[in-house]
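Reader: Could you walk me through some of the labels used for this structure? I'd like to know what stands behind each one.

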Amino acid sequence: MGMASAYVIVAEYVTSVSKPNWARMVQCCVPSCNNRNDINKTISYYRFPLDENEKRRWLKLIRRKDFTPNYNSRVCGWHFPHGKAAGPTRFAWNEGKAFPHISQPTKRQKKMLLATVEDEGGAEPGPSHLGTAQKTPSSSSVLVLEIENEMLRKENDKLKKELEKQKQTFSFSQISSHPDIVNYYTGLPDAATVLFLETLLSKFDLQYHFDWNVQKMPLIDQLLLTLMKLRLNCGLVDLSVRFNCCRATVTNIFITISSALYDILYVGMMENKIPSRFKNQTSLPHCFQPFPNCRIVLDCTEVAVSNTENLDTQSHLYSHYKGGTTLKALIGVAPNGFITFASDLYGGSTSDKAITADCGVLQQLEAGDMVMADKGFTIRDILPAGVSLNIPTFLVNGQFTMEEINHNRLIASARVHVERSIQRLKTFHILSYIPYQYKKHANKILKVCVSLTNLQTPILREIA
């Protein structure tokens, strides 16, 4: 190449470089933005950053993630209200959006914003979208919007923190997949049984004890709280911490749900419905084969209560057998181990015979029925006509006869399963001691525990 040719090439290059930006047409690559340097000559046009992370951020902001910018790709300055370092933040699709639920800036904040805008020298020209002229919002409105967005973020963070505080530390979903843990907390065999009770409760018109509804806790967890109180007799503080609620809410839930379970399970399915001896014979275990006419096996159980009563009441509640103040109930069990009767609670000093005569169980017996009981139940004289009593033989002559020994052995082998049913009932530890504030609800609590005991797996394998 000659010297003259070289001079020509250099001259052409210098001439092309020295041309202003508007001499070469440049268009903004943001969607819906039609700014070009031949129309809006006062706007700057920025190349994409060389840094790959920053370039990807720009592409995400302008909603063109799949676009590959080259050396000539530009974004017009209208999209940079806070300068190039902040990246493109102003777009046609978010202009003019308002957030009415966020508190507005104070007058002082607005005054400071306007002063800032005046110092900056007023508004910037805007783009022409879709080929039409558009009124460019002022910098003051943009800054107000930025403050509103910041307030929105702060309020959102605050709500998230409050929501975290409201989350329960314990819920049914945490234990539902572990049958052994479900059984430990509820006394029921598995999660399906608990969900069955929830279904029954969901169809029941709950009337809350304190006349205010519990809304923030799901029904399944209200049921879990109640079952834990019955099963483990957890304290109010313990349950209030576990379920993140106050003690009044615990009491409101427990009394409400236990009352509903009483109406559904006991009143609806068990009250005055002792199975006949003929129905018992359809599931008679082997140990009861010598007693085919047995309708029910009777025994009493006692529940400890607080003794914050006057002296007359304390003497009525005092049990010499337990050595303290108790409440006493008559329990009736079918030969297959199913609890079919539970009386109201009486004072601990009340005799077994007096409870049997008063509780209403005798009115459900029919001629031909046989009642089995412990030798302490001397109730033969109060049984309805045609109803027999089978109790262990009393020792009279200093030694049992062989016939008496065999008779007592048969009764003992049959009654042992009934005693196991009552032992299952007592695994609901609230029956070990009923707190004073729940004393007037004690009858319902006992009968709910009876109903829940019947939902457990059968005691006898041959019955299962």
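Author: Sure. This is a predicted model, where local features need pLDDT of at least 70, side-chain atom pairs count only at pLDDT 80 or more, and totals for chains, interfaces and linings use all residues. Residues are numbered from 1 along each chain as its sequence is written, and side-chain values use heavy atoms, with hydrogens and water left out.

Reader: What makes β8 and β9 a pair?

Author: Pairing takes at least two DSSP bridges between two strands. Strand β8 (residues 370-373) and strand β9 (residues 388-390) have three, in the parallel sense, so they pair. M372 stands opposite N390 there. On β3 (residues 294-305), four bridges join that strand to β8, also parallel, with I296 opposite V371.

Reader: Which way do the residues of β8 point, and are they buried or exposed?

Author: M370 and M372 point one way, V371 and A373 the other, and all are buried. Buried means under 20% relative accessible area, exposed over 50%, partly exposed in between (1.4 Å probe, protein chains only).

Reader: Why are α6 and α9 called roughly perpendicular?

Author: Angles of 65 to 115 degrees count as roughly perpendicular (under 35 is roughly parallel, over 145 roughly antiparallel, the rest oblique). The axes of α6 (residues 191-202) and α9 cross at roughly 90 degrees and come within 10 Å, so the label fits.

Reader: Which residues meet there?

Author: L197, L200 and L201 in α6 meet I257, A260, L261, I264 and L265 in α9, contact being heavy atoms within 4.5 Å. The residues of this contact divide into eight nonpolar, no polar and no charged.

Methods: Helices (H or I, at least four residues) and strands (E, at least two) are DSSP runs, numbered from the N terminus. Axes are lines fitted to C-alpha atoms, for helices over the stretch in contact, and angles run from 0 to 180 degrees between N-to-C directions. Ala, Val, Leu, Ile, Met, Phe, Trp, Tyr, Cys and Pro count as nonpolar, Asp, Glu, Lys and Arg as charged, and the others, Gly among them, as polar.
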